[in-house]
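This report concerns aromatic ring contacts and one surface pocket. Please consult the sequence and the structure shown here while reading.

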Amino acid sequence: MEHPENDSKYIGLQVNGGVAQPPVVNPYLQHRRRRMATPAELVEGILKGDITMLSRAVTLVESLVPEHQAMAQEVIEKCLPYSGNSRRIGITGVPGAGKSTSIDVFGLHVLKGGGKLAVLAIDPSSERTKGSILGDKTRMEKLSVHPDAFIRPSPSAGSLGGVARKTRETIVLCEAAGFNNVFVETVGVGQSETAVHSMVDFFLLIQLAGTGDELQGIKRGIMEMADGIVINKADGDNVHRAQLAQAQFKSALQLFPPTASGWKPEVLTYSGYYELGIPEVWDMIDRYFDYVKGNGYFFRRRQEQARYWMYESINEQLRDHFYRNPEIETVLPNLEHEVLADRLSSFVAARKALDLYFNIKPTNG
């Protein structure tokens with residue numbers, strides 16, 4: 001590249017070398033890595049209600065590092081005797097139904113009566129990048145700055161089962177930290193409702209009116225799980241449509257068999273944005289808890305859920321142990337190649353992999 005300033009006619013021109021590029025990192029900055037707290041320190045902090053220690057413990061629960069998982073299980077085991085004293089409420093609905101906004105106003109209503117609230121939001125992850133926005137806190141403007149509220153979004157990362165287990169373990173930690181109300185918000189699609197239903201006491205379904213989707217909302221599976229149905233955005237010109245949807249859902253519920261608890265799900269209307277009808281929704285939830293605790297269903301359901309998650313944990317650990325086995329990791333690509341080349345059926349390939357796994361002699365350690 002030619003530089004005009006080097007031409008002989010500019011012999012009197014002097015070009016300075018310029019300023020040296022400063023270092024990217026401040027040389028005076030001393031990098032100090034935060035020491036990882038021990039399980040005993042985490043438990044002590046959690047039992048004192050220390051939010052920082054609670055957050056660090058939840059991070060361990062969500063970690064995929066084996067060492068972190070071992071520490072998390074130790075913390076959970078020590079916190080377990082101090083858990084179980086909260087009201088666990090699952091909240092679901094189609095995307096755009098106003099779940100986060102509703103949780104914001106529901107939460108503030110709950111906190112007016114005292115106590116503490118933990119909100120665990122399962123955020124959908126991209127199937128392509130595995131990334132997640134985790135933006136639920138931005139839609140819970142008032143609750144996110146409340147001193148008695150703890151909001152923790154978790155990415156689904158393509159594995160609802162794993163997130164559900166970690167969410168249930170996080171519930172234990174929150175209860176040990178003194179949170180007597182726990183909201184679990186679902187991603188609102190697919191099997192997430194079933195997973196969340198298996199860890200909460202009350203399951204609230206949020207629906208919309210006037211979207212042409214009333215009949216789509218009357219789905220047998222989700223309706224059977226719901227302990228209460230609320231029609232959001234019942235304000236302004238939408239009040240009549242909300243009331244019509246309420247009547248439709250009430251009629252649909254008449255066709256379903258009685259619930260295991262004996263409770264008859266109610267259908268209410270409200271407006272999360274304008275904070276209308278919020279006390280009525282919460283009164284319904286209060287009546288539900290009084291009813292199921294009175295007939296013993298509350299405690300039976302908690303026992304059923306504990307048994308369910310024991311077997312789910314066994315299934316998950318068996319699956320992880322299978323895929324992390326070095327011999328299985330070696331043989332699976334070959335079997336997959338054989339299947340794709342139509343030289344082996346999927347079922348035979350699976351059988352070969354399982355036969356190999358069950359015949360592998362365990363190593364010490």
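The text below treats the ring pairs, the charges placed over rings, and then the pocket.

**Aromatic pairs**

The model is predicted. A search across the whole structure yields 14 aromatic pairs. A pair of aromatic rings is described by the distance of the centres and the angle of the planes. Two of these pairs are set out in the table.

| Pair | Centre to centre | Angle between planes | Class |
|---|---|---|---|
| Phe-150 and Phe-179 | 6.0 Å | 45 degrees | tilted |
| Phe-183 and Trp-282 | 5.8 Å | 55 degrees | tilted |

The planes of Phe-150 and Phe-179 stand at 45 degrees, so the pair is classed as tilted, since tilted covers angles that are neither under 30 nor over 60 degrees. This pair links distant parts of the chain, 29 residues apart. Phe-150 belongs to strand β3 (residues 149-155), whereas Phe-179 lies in the loop between α5 (160-176) and β4 (181-185). Both Phe-150 and Phe-179 are buried.

Phe-183 and Trp-282 likewise form a tilted pair. Because Phe-183 lies in strand β4 and Trp-282 in helix α10 (residues 278-294), their contact ties together parts that are 99 residues apart in sequence. Phe-183 is buried, with a relative accessible area of 0%. Trp-282, at 7% relative accessibility, also counts as buried, as the cut-off is under 20%.

Ring pairs also build a cluster, whose members are Phe-202, Trp-263, Tyr-288, Phe-289, Tyr-291, Phe-298 and Phe-299.

**Charges over rings**

Two of the rings named above carry a charged group over them. Over the ring of Phe-179, which is paired with Phe-150, sits the charged end of Lys-116, 4.3 Å from the ring centre. Phe-289, a member of the cluster, has the charged end of Arg-87 over its ring, 4.6 Å from the centre.

**The second largest pocket**

What is the volume of the second largest pocket? Its volume is about 560 Å³. The pocket is lined by 24 residues, of which Pro-257, Pro-258, Thr-259, Trp-263 and Pro-265 are the closest to its centre. Trp-263 is also part of the ring cluster.

The elements that contribute two or more residues to this lining are α8 (220-225), α9 (239-253), β7 (266-269) and α11 (297-324). Among the elements, α8 gives the most, with three residues. By class, the lining comprises 13 nonpolar, five polar and six charged residues.

Notes: Residues numbered from 1 in each chain as written. Predicted model: local features only at pLDDT ≥ 70, side-chain atom pairs only at ≥ 80, totals over all residues. Heavy atoms only, no water. Phe/Tyr/Trp six-rings, centres within 6.5 Å; stacked < 30°, edge-to-face > 60°. Helix = DSSP H or I, 4+ residues; strand = E, 2+ residues; numbered from the N terminus. Buried < 20%, exposed > 50% of the residue type's maximum accessible area, 1.4 Å probe, protein only. Lys NZ or Arg CZ within 6 Å of the ring centre and 35° of its normal. 1 Å grid on protein atoms, 1.4 Å probe; cavity = no way out; pocket = protein on both sides within 12 Å on 5 of 7 lines; lining within 4 Å. Points joined across faces, edges and corners; volume = space filled by probe spheres on them. Nonpolar A, V, L, I, M, F, W, Y, C, P; charged D, E, K, R; others polar.
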